[in-house]
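Would you like a friendly walk through a protein model? Have a look at the structure first, and then we can talk it over.

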Amino acid sequence: MTALLELKQRIKNLYSQYEIYILPVLRFVLAMVYFIWINTNMGYMKQIDNIFIVLILALICSILPSGVMIFVGFALMVAHGYALGIEVAGFMLVLILFMAILFLRFSSDNNLVLVFTPLSFGFSVPTLLPIGSGLLCNAFSALPAGCGVIIYYFIRFIRVQHKLLENPDVAIADKLKLLTDGIVQNWGMWITVIAFIAVILLVNLIRTRSFDYAWRIAIIAGGVVYVLMIIAGGFYFRLDIDVVTLIIYTVISVVIGLLLEFFVFGGDYTRTERLEYEDDEYYYYVKAVPKACVTTSERSIKKINGSSAKDERPAQDNVVSYANPIFHGDEKAVTTDETAAPVERKKDIDSVDFEKKLEESLKNL
């Protein structure tokens with residue numbers, strides 16, 4: 001546990017020190033993965049299905065605000081739809097504008113969740129998206145999450161029906177009806193949308209409560225509710241659902257959510273304190289949960305070798321010290337030889353006549 005806490009602290013220190021460089025790199029990687037996913041699942045217009053185009057767009061998104069990534073992704077989707085037919089591009093454009101006007105404008109701070117939603121399906125961990133959004137964002141993140149689910153299922157529907165949609169012999173009205181049915185009557189999509197919204201609201205509600213281990217309880221409850229809603233919806237609409245795979249990937253998502261809770265929150269509930277105080281107008285009841293952290297020691301190693309000592313010694317010998325006795329008129333002998341011993345004057349005590357000195361002093365009396 002101590003090793004994990006030290007790793008967490010080192011990551012936080014590294015991020016705080018190099019945040020100005022890390023954030024553009026993360027936006028670049030996210031944009032590149034998102035655009036590659038769009039080209040892989042659509043890829044009908046060969047001119048933009050190019051890795052160099054993807055890298056240029058990702059580089060642009062890395063230096064601009066995160067919202068630009070969403071609109072660039074929408075532009076790629078419409079362009080690929082145009083390669084299938086003008087009616088496909090028009091239908092997708094209307095769908096995007098409908099979502100942007102009615103939903104996305106209320107959740108501008110959390111709209112990046114729309115980018116993560118199809119990627120969570122692409123990495124087979126869809127449960128992780130509502131759990132992570134409920135932990136890290138507010139309740140309004142349910143809006144872009146639901147829109148992201150609709151985008152994912154609509155792109156998958158187009159991929160299945162692209163032969164029919166690009167057939168010029170099919171009437172435009174029939175294509176529009178097919179696209180409309182792919183949205184309205186796609187019960188699996190609506191079940192997933194409802195499950196995502198419910199899990200995000202539930203996780204966010206539990207996570208913001210004041211009881212102990214609220215984050216962990218929210219993660220586990222979100223995973224259980226998602227599985228139950230998907231199974232219940234599939235049973236009601238008679239949809240084929242691989243329950244075993246659903247449970248396995250949900251467990252993986254829950255484990256990742258617990259790791260996320262450790263690195264983002266990491267409260268130490270064993271040292272929880274409840275404080276009560278008041279002022280002139282209010283009573284305050286505060287619950288303080290300290291963060292689980294450990295101090296990392298900073299080690300500095302100074303290398304000392306013989307050559308450095310020899311280099312420093314002549315410099316010290318050349319320093320003139322005014323504490324030297326020669327500057328104070330001392331009668332001691334001063335020599336330049338370091339091995340020479342100082343010469344001291346000795347008084348000849350035996351040459352003094354103490355009796356004579358005593359008689360002179362008595363005469364004076």
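The questions and answers below cover confidence, charged pairs, aromatic rings and a few single residues.

Q: What is the mean pLDDT of the protein?
A: It helps to begin here, as this is a predicted model. pLDDT is the predictor's confidence in each residue, from 0 to 100. In this protein 79% of the residues reach 70 or more, and the mean pLDDT is 83.

Q: In which helix is confidence highest, and in which is it lowest?
A: Two helices mark the ends of the range. Helix α10 (residues 187–207) has the highest confidence, at 96. The lowest, a mean of 52, belongs to helix α13 (residues 306–317). The answer is therefore highest in α10 and lowest in α13.

Q: How many contacts beyond four places in sequence does the model have for residues 330–341?
A: Over residues 343–347, pLDDT stays under 50, and the model has two contacts beyond four places in sequence there. Residues 330–341 also have pLDDT under 50 throughout. For residues 330–341, the number of such contacts is four.

Q: How many salt bridges does a search of the whole structure find?
A: Side chains of opposite charge can pair when their charged atoms come close. Here the cut-off is 4 Å between a side-chain nitrogen of Lys or Arg and a carboxyl oxygen of Asp or Glu. Searching the whole structure gives three.

Q: How far apart are the closest N and O atoms of E87 and K175?
A: These two residues form a salt bridge. The pair links distant parts of the chain, with E87 in helix α5 (residues 86–102) and K175 in helix α9 (residues 172–184), 88 residues apart. The closest N and O atoms of E87 and K175 are separated by 3.0 Å.

Q: Are E87 and K175 buried or exposed?
A: A residue counts as buried under 20% relative accessible area. E87 has 9%, and K175 has 7%. Both values fall under the cut-off, so E87 and K175 are buried.

Q: Why are D181 and K177 separated by about one helical turn?
A: The side chains of D181 and K177 meet in a salt bridge, 3.1 Å from N to O. D181 is partly exposed at 25% relative accessibility, whereas K177 is exposed at 52%. The separation is about one helical turn because D181 and K177 are four residues apart in helix α9.

Q: Which residue forms a salt bridge with R216?
A: R216 lies in helix α11 (residues 214–236), and the closest N and O atoms of its salt bridge are 3.6 Å apart. The partner is 45 residues away in the chain, in helix α12 (residues 243–264). R216 is partly exposed at 35% relative accessibility, while the partner is buried at 3%. That partner is E261.

Q: Is the aromatic pair of F121 and F196 stacked or edge-to-face?
A: The count of aromatic pairs comes to 14. In the pair of F121 and F196, the ring centres are 5.7 Å apart and the planes differ by 5°. Planes under 30 degrees apart count as stacked, so F121 and F196 are stacked.

Q: How many residues apart in sequence are the parts that F121 and F196 tie together?
A: F121 is buried, with a relative accessible area of 12%, and F196 is buried at 0%. F121 sits in helix α6 (residues 113–122) and F196 in helix α10. The pair therefore ties together parts of the chain whose separation in sequence is 75 residues.

Q: Which residues do ring pairs link into a cluster?
A: F121 and F196, the stacked pair, both belong to this cluster. The full list is W37, F121, Y152, Y153, F196 and Y226.

Q: Which residues does T127 touch, not counting those up to four places away in sequence?
A: T127 lies in the loop between α6 and α7. With a relative accessible area of 2%, T127 is buried. Its contacts are G223, Y226, T250 and S253.

Q: How far apart in space are I248 and V125, C-alpha to C-alpha?
A: I248 is found in helix α12 and is partly exposed, at 46% relative accessibility. In sequence, I248 and V125 are 123 residues apart. In space, their C-alpha to C-alpha distance is 9.6 Å.

Notes: Residues numbered from 1 in each chain as written. Predicted model: local features only at pLDDT ≥ 70, side-chain atom pairs only at ≥ 80, totals over all residues. Heavy atoms only, no water. Buried < 20%, exposed > 50% of the residue type's maximum accessible area, 1.4 Å probe, protein only. Contact = heavy atoms within 4.5 Å. Phe/Tyr/Trp six-rings, centres within 6.5 Å; stacked < 30°, edge-to-face > 60°.
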